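Good morning, and thank you for coming. I should like to take you through one structure today, beginning with its sheet and ending with its metal site.

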Amino acid sequence: MISFLVPDMSCGGCANAITRAIQKIDPKAVVTPDLPAKSVAIETAMPVEQVQEVLLKAGFPASQK
Ligand SMILES: [Cu+2]
């Protein structure tokens, strides 16, 4: 599991968009958003760089925590 800091995630809609974007690439990914902390824990077979690329393309620049 990898934790990312996603400063632009501000509501449940953002969290859903992030989950959808990740699961579109890796349907088995487990995405656990933590809105108050603006962080997302992601369990995926994708490498960190790919996850960041997917999030960036979805409009959410993310840094690994
Ligand atoms: Cu939002």
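Asp34 has Ser39 of β3 as its bridge partner. In this predicted model, that pair belongs to the contact between β2 and β3, two antiparallel strands joined by 5 bridges. The sheet as a whole is open and is made of 4 strands, in the order β2-β3-β1-β4, with antiparallel pairing. Its edges are β2, residues 30-34, and β4, each of which pairs on one side only.

Let me turn to the core. The largest nonpolar core contains 20 residues, and those with the most contacts inside it are Phe4, Val6, Ile18, Ile22 and Ile42. Two or more residues come from each of β1 (2-5), α1 (12-25), β3 (39-43) and α2 (48-57). The greatest contribution is that of α1, with 5 residues. As a general matter, nonpolar side chains in soluble globular proteins tend to be buried together.

Phe4 deserves a closer look. Setting aside neighbours within four places in sequence, Phe4 is in contact with a list of residues that includes Ser39, Val40 and Ile42, as well as Val48, Val51 and Gln52. The same list also includes Ala62, Ser63 and Gln64.

I come next to α2. Which residues of α2 are buried? They are Val48, Val51, Val54 and Leu55. Viewed down the axis of α2, the buried residues fall within an arc of 125°, so they line one face of the helix. The general background is that an α-helix has 3.6 residues a turn, so residues three or four places apart point the same way. The buried residues of α2 pack against β1, α1, β3 and β4, the last being residues 63-64. On the face turned away from this buried side, α2 carries the exposed residues Glu49, Leu56 and Lys57. Just after α2, Gly59 adopts a positive phi of about 100°.

Finally, the metal site. Which protein atoms are the donors of the copper ion? They are the SG atoms of Cys11 and Cys14, which lie 2.0 to 2.1 Å from the ion. Is Cys14 buried or exposed? Cys14 has a relative accessible area of 13%, below the 20% limit, and therefore counts as buried. Cys11, at 37% relative accessibility, is classed as partly exposed, because that value lies between the limits of 20% and 50%. A search of the whole structure for disulfides finds 0.

Thank you for your attention; I would welcome discussion.

Key: Residues are numbered from 1 along each chain as its sequence is written. This is a predicted model: local features need pLDDT of at least 70, side-chain atom pairs count only at pLDDT 80 or more; totals for chains, interfaces and linings use all residues. Side-chain values use heavy atoms; hydrogens and water are left out. Donors are N, O and S atoms within 2.8 Å of the metal (3.2 Å for Na, K and Ca); water is not among the atoms, so sites may look incomplete. Buried means under 20% relative accessible area, exposed over 50%, partly exposed in between (1.4 Å probe, protein chains only). A nonpolar core is a set of buried Ala, Val, Leu, Ile, Met, Phe, Trp, Tyr and Cys residues joined through side-chain atoms within 4.5 Å. Contact means heavy atoms within 4.5 Å. A disulfide is a pair of cysteine sulfur atoms within 2.5 Å. The arc is that of the directions from the helix axis to the C-beta atoms. Two strands pair if DSSP finds at least two bridges between them.
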